[in-house]
Amino acid sequence: MLVVAASSTRRGVMVLILSCVLQDVIRKLDDAPGSGFLWTALAGLVLIATVVGLLLRGERRTLQASRADRLQGPLIALVVIVLLQAVVAYARVRSLAVPLLGVAMYLFPLAALQVGLVVGRDRQTVERLLGVYVTVACIGLGAMLLSRAGVTHPLLDGVGKELVTYGARIGVVRLEQGLFRAPEIAGWHASMVLCICLYWAGQGRRRVWIPLMILAGLAALWTGRRKWLLTPALTFMVAHVGAALMGLNRSRIAAGGLAAAVLLVGTGWFVVATSDTGTVTGAHVARLTLMEDHASSRVSALAARGPLDVIHRVGWLGGGVGIAQQGTRHLAGRHAVEIAGWGAEGGLGQILAELGIPGLLASLLVASIVASLLVRSIRHCAHAGASTEGWFLVWGSAALLANAMAFLLAKQAFGDPFVAGWLGLLAGCCVARAGHVMAPAPPDTRAATYRLRVLTSPPAS
């Protein structure tokens with residue numbers, strides 16, 4: 001897989017997509033001690049191989065070529081901060097594995113950004129990659145149907161301690177994960193499939209999004225991770241409101257959004273009406289009614305009190321990359337996790353714990369520059385009548401924003417190398433497409449018609 005990924009950038013992305021399911025399947029089959037951590041990093045290794053092959057072939061695309069030259073300075077500053085914090089982490093925990101893990105998780109999105117700048121130049125390639133990802137992810141999610149039908153197999157079990165909830169009259173309810181290793185990861189993939197289906201609905205071309213949206217919606221519900229139902233809902237609202245404000249709200253986009261909304265509301269109503277409180281689906285639906293109270297307490301804890309607790313523990317300069325990662329306790333012991341405390345469970349707390357306020361400011365500057373570029377390119381598409389390009393950019397911006405909000409409140413799924421790499425890849429594709437639509441039109445090289453006047457005598461004065 002690494003050789004294939006290094007041989008071609010497009011093939012590398014295809015192998016990266018395949019690894020999102022394959023890494024968890026192999027991890028379930030291989031129970032050798034210590035092998036689980038290696039297989040979880042498979043997507044990251046494929047991404048590294050893709051970038052190495054890209055650089056050796058001279059395909060690297062500069063930010064200037066994508067009209068994102070203002071990103072150069074903040075990205076360099078962010079990388080320098082990450083490397084300096086790696087030294088701090090090693091001095092704090094005396095373990096080389098912890099800073100290496102931290103550096104990898106911050107550099108994976110930046111490496112995937114470069115891959116996205118290359119493959120994102122061709123819109124058809126981007127469409128093909130989205131289709132391949134949805135196909136692979138739906139295979140992993142579709143395995144939940146077998147589990148719900150009563151099929152038992154080690155591939156349908158989770159890795160580690162099984163996550164459960166409780167329902168009225170039925171007691172313990174098992175959270176599903178399909179072929180993925182945990183409900184949290186499966187929920188993120190279901191959320192991303194829902195987001196892509198919303199994009200296809202706005203295009204108005206592919207009817208395949210209808211059954212896929214139903215499958216992904218049920219899968220997200222069965223994982224029991226309620227935030228992965230909120231993420232596509234936020235993507236839907238931001239994308240269509242943004243399209244309307246930017247002047248992209250043509251009939252096709254509006255009709256697709258209306259169809260998607262009717263489908264989601266209709267499916268939700270059918271599930272609620274047919275699910276008794278004593279069933280598994282009914283137990284998950286009952287948990288949705290508690291979402292408002294739980295969400296408000298979580299926002300208050302992890303977005304307000306949590307970051308303050310982190311700064312109190314490690315200081316405003318940060319405590320080193322890797323100290324707040326999920327795998328730290330397996331590499332440096334439980335005492336390494338206690339450095340950051342409970343406030344680092346959210347993404348905002350993690351950045352403050354590992355990079356400090358300087359790293360947070362550099363990250364916000366990078367995000368603001370990317371957002372500014374995307375907004376300018378969407379407005380350019382609206383003025384030029386390029387609704388297809390504009391819809392991809394406004395959808396991509398909405399999907400990235402929704403995932404950023406989810407990361408700030410719960411970082412667990414974003415510690416997966418594929419998740420971090422995929423979001424970096426999507427950001428790179430959006431920047432590449434924005435640079436393409438903002439580029440000046442090439443000069444017309446066709447032979448121009450002209451008329452030659454021949455004077456046989458000087459003109460009269």
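A crossing of two helices is right-handed if the near helix is turned clockwise from the far one by less than a right angle. This tour of a predicted model visits two helix pairs, and that definition serves at the opening stop.

**First stop: α2 and α7**

Please select residues 9–29, which form helix α2, together with residues 123–148, which form helix α7. Their axes come within 9 Å and cross at roughly 20°. Because angles under 35 degrees count as roughly parallel, α2 is roughly parallel to α7. With one helix placed in front of the other, the crossing of α2 and α7 is right-handed.

Next, display the side chains at the contact. On α2, select R10, V13, M14, I17, L18, C20 and V21. On α7, the partners to select are T125, R128, L129, V132, Y133, V136 and G140. Coloured by class, the contact of α2 with α7 shows 10 nonpolar, 2 polar and 2 charged residues.

**Second stop: α8 and α9**

Now move along the chain and select helix α8, residues 183–203, and helix α9, residues 209–222. The axes of α8 and α9 come within 9 Å and cross at roughly 155°. Since angles over 145 degrees count as roughly antiparallel, α8 is roughly antiparallel to α9. The crossing of this pair, α8 and α9, is left-handed.

To view the contact, select A190, V193, L194, C197, L198, W200 and A201 in α8. These meet W209, L212, M213, A216, G217, A219 and A220 in α9. Colouring the contact of α8 with α9 by class gives 13 nonpolar residues, 1 polar residue and no charged residues.

Definitions and conventions. Residues numbered from 1 in each chain as written. Predicted model: local features only at pLDDT ≥ 70, side-chain atom pairs only at ≥ 80, totals over all residues. Heavy atoms only, no water. Axes fitted to C-alpha atoms, helices over the stretch in contact; angles between N-to-C directions. Helix = DSSP H or I, 4+ residues; strand = E, 2+ residues; numbered from the N terminus. Parallel < 35°, antiparallel > 145°, perpendicular 65-115°, else oblique. Contact = heavy atoms within 4.5 Å. Nonpolar A, V, L, I, M, F, W, Y, C, P; charged D, E, K, R; others polar.
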